[in-house]
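Me: I would like to go through the labels attached to this model and see what each one rests on. Please set the values against the definitions.

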Amino acid sequence: MTDASLSELARRFGVATEFHDWTGRLVAVEEATLVAVLAALGVEAGTEEGRAAALSALADRYWSRSLPPTIVGRLGSETSFWVHVSHGDPAHVWVRLEDGTVRTGVQQADNFTPPFELNGRLVGEATFVLPADLPLGYHRVHLRSGGQECSTALIVTPAWLGLPSRLGARRTWGLATQIYSVRSKNSWGVGDLADLADLAVWAGARHGAGYVLVNPLHAAAPTRPMEPSPYLPTSRRFTNPLYLRVEAVPEFAYLPKRGRVWKLRTAIQARAGKVDTIDRDAAWAAKRVALKAIYRVPRSAGRQLAFDAFKEREGRALDDFATWSALAEKFGGDWHTWPEALRHPRNPEVAEFVARHGTAVDFHRWLQWQLDDQLAAAQSQAVRTGMALGIMHDLAVGVHPDGADAWALQDVLARGVAAGAPPDEFNQLGQNWSQPPWRPDQLEELGYQPFRTLIAAILRHAGGVRIDHIIGLFRMWWIPEGASPTKGTYVRYNHEAMIGIVALEAHRAGAVVVGEDLGTVEPWVRDYLRARGLLGTSILWFEHEGGRPLEAERWRELCLSSVTTHDLPPTPGYLAGEHVRLRDELGLLTRPAHDELADDHAEQAAWMAELRRVGLLGVSADEEQVILGLYRYLARTPSRLLALALTDAVGDRRTQNQPGTTNEHPNWRVPLTGPDGTPLLLEDVLTDPRAQALAAALHSATAPHPE
């Protein structure tokens, strides 16, 4: 039994003392886990005296505040909040909207809470109610009482997001791809933003696709070895310059001795053709030399103005990222090992470093400017070909613990714990993602500013965003440092604020939001997301009920549906049992492989029977016919968005990522290949008969039919 004071502290900070696992069993959280997680929230809970002091401090902190740190409301609804003033003093409350308009007439409601004695002063509590007609946006609530004035953040969010109006009532389909794996004749051994634009043009113009869903393009450390996982970035706020097309930078046209750049590209392409994995280090080393030379080319007056405007818009966040990148090049990619004085971005020694290495820092600002240009160009090209949405970006769960965001935002991220996932059906040992999670208390203190800028940035040049593990905006599995993933617990976030901010930024961008809501999910979470107009995710292999495939007509409408996902083998490999074989080979199974294979065979047989039942599969169908049947089945669901994995489109069989591994499998380093394992270039994809057949099937199923 957990100590009562420890349980109360955990409750106050949203830390779960028990939870239901993936089998439905109620599990009690160990006391050591609770103590460690509370410590990561800045609470000393290891002793009874410490717990009592922490509870007392919580009460004092609450009553010493005049206003909540952040107030969150919904458009069209009244929002109530508390106010603390000296007992008996009048309180005057008003709102200043983000456009500068002042709104008065905030009404007071009954509140019979008795006054609290705080350091010899009686503090009274009142309740005020904001009107329902406040506009969407980031505003400030002001309070004046006893000659003092203060204010706090007010965020008014959409009640409903839904799909952009330009999509109307139509369904649409799109490609899902790991763009680094999609290389072309002109790319530098790694798929880039120009390749992304070309892929979007093919899918949109030739096959009526509405979007391309791409892997996270977040920044990696500029040091060797470059982290291959797009889901473990150094920063989610900025983009990896590895994805730049060097020749697309405008100043390239004025670069003297351009022949050197062509030689670099030829050499890296030749190297890429000799290995069966993506070599990010070699590609970045070559690109960096070329980009550094282009950076030195004088810019026109207009281009310089544009660069200056970009730097001003991005502000301190860009300065911090560029500074970290320059420091990493000098001292290594782990800021914990840097000289002590450089381990916090606000230390004066960091400013001195910037003053001494201004060009090195500015180069990294410039790279982000080029990425902003090329991201904008890719989205523009996609939309101009007729895509309703264009590029849909992917937001990773978190960041590398040693990286740029962890350095710049270290006061907002929890230390001594890592985000992850408890054991589930497909990852039976649980997962430790090594990423420091947001501290919910610090986000609230800052009016969610770091989260707001993150969401705004990823939607700047996008028609949509897929949020990986969106349940992490409700609760996150925190694992104490040194503990196994099974020894964690859930920490709750203010999902009304987090989801509301996502909806607000998407509304402003005219974008759709897709939440990856797979795994262990509380049932009410999916209901909440649907009620707020955010799409969920359905993967065909996971859609079953009572041991049988879920009939197509019963799938969710507000959803992005696909046959597979990047954490499973492409469908040709899945049909061959590759997901069981690989996990067995890597020691990731918790029961005998023959039992897993037997269950897999039974599951696949059930799906084949379902395809035959609805007339989509013959008795002696081959692999291509089975995959076509699966996607045609997908098209029979009411889901508004359908996704075709590019790997399925070309018959690729290799697994892009095996959860629970790092170097045991070449995760995130597998180039696109055909059914026989031969690497494919983007030019091959555009003429591939198999890809054309699958794209045509989805286009036919989603195209509007004339009355």
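**Labels and what they rest on**

Me: Why is K257 called exposed?

Reply: The relative accessible area of K257 is 74%. Exposed means over 50%, buried means under 20%, and partly exposed is in between, with a 1.4 Å probe and protein chains only. K257 is therefore exposed. The model is predicted, so local features need pLDDT of at least 70 and side-chain atom pairs pLDDT 80 or more, while totals for chains, interfaces and linings use all residues. Residues are numbered from 1 along each chain as its sequence is written, and side-chain values use heavy atoms, with hydrogens and water left out.

Me: What makes the backbone of K257 worth a remark?

Reply: K257 has a phi of about 55°, which is positive, although K257 is not a glycine. Most residues other than glycine have a negative phi. K257 lies in the loop between β15 and α5 (259-272); helices (H or I, at least four residues) and strands (E, at least two) are DSSP runs, numbered from the N terminus. H469 also has a positive phi, about 50°, and is not a glycine. H469 sits in the loop between β19 (464-467) and β20.

Me: Is H469 buried or exposed, and how do you know?

Reply: The relative accessibility of H469 is 14%, so H469 counts as buried.

Me: What makes the peptide bond between R224 and P225 a special case?

Reply: The bond joining R224 and P225 is cis, with omega about -10°. Most peptide bonds are trans. P225 belongs to the loop between β14 and β15.

Me: Which other residues of that loop carry a label, and why?

Reply: P222 is found there, and with a relative accessible area of 16% P222 is buried. Leaving aside neighbours within four places in sequence, P222 is in contact (heavy atoms within 4.5 Å) with W284, W324, S325, A328, E329 and H364. The C-alpha atoms of P222 and G333 are 7.7 Å apart, although 111 residues separate them along the chain. T234 is in the loop as well, between β14 (218-219) and β15 (235-239), and counts as buried at 3% relative accessibility. Among the residues that T234 touches are W324, V399, H400 and D405.

Me: How do you know that T234 makes a polar contact with A404?

Reply: The side chain of T234 reaches the backbone nitrogen of A404 at 2.7 Å. A polar contact is a pair of N or O atoms within 3.5 Å; within protein, one must be able to donate a hydrogen and the other to accept it, and residues adjacent in sequence count only if both atoms are side-chain atoms. The distance of 2.7 Å falls within that cut-off.

Me: Why is strand β17 called mostly covered?

Reply: In β17 (residues 417-421), 5 of its 5 residues are buried. V417, A419 and A421 point one way and A418 and G420 the other, and all are buried.

Me: What makes β17 and β20 a pair?

Reply: Two strands pair if DSSP finds at least two bridges between them. β17 and β20 (residues 475-480) have 4 bridges, in the antiparallel sense, so the condition is met. V417 has P480 as its bridge partner in β20. With β18 (residues 431-435), β17 has 3 bridges, also antiparallel, and G420 stands opposite N432.

Me: Why are β18 and β21 called edge strands?

Reply: The open sheet has 4 strands in the order β18-β17-β20-β21, with antiparallel pairing. β18 and β21 (489-492) each have a single partner strand, so one side of each is left without a neighbour in the sheet. Helix α2 (residues 31-40) packs on this sheet, touching β17, β20 and β21.

Me: What makes the packing of α13 and α14 describable in numbers?

Reply: Two packed helices are described by the angle between their axes and the distance between the axes. For α13 (residues 495-509) and α14 (residues 523-531) the values are about 40° and 12 Å. Axes are lines fitted to C-alpha atoms, for helices over the stretch in contact, and angles run from 0 to 180 degrees between N-to-C directions. The contact is made by H495, E496 and I499 of α13 and W524, Y528 and L529 of α14.
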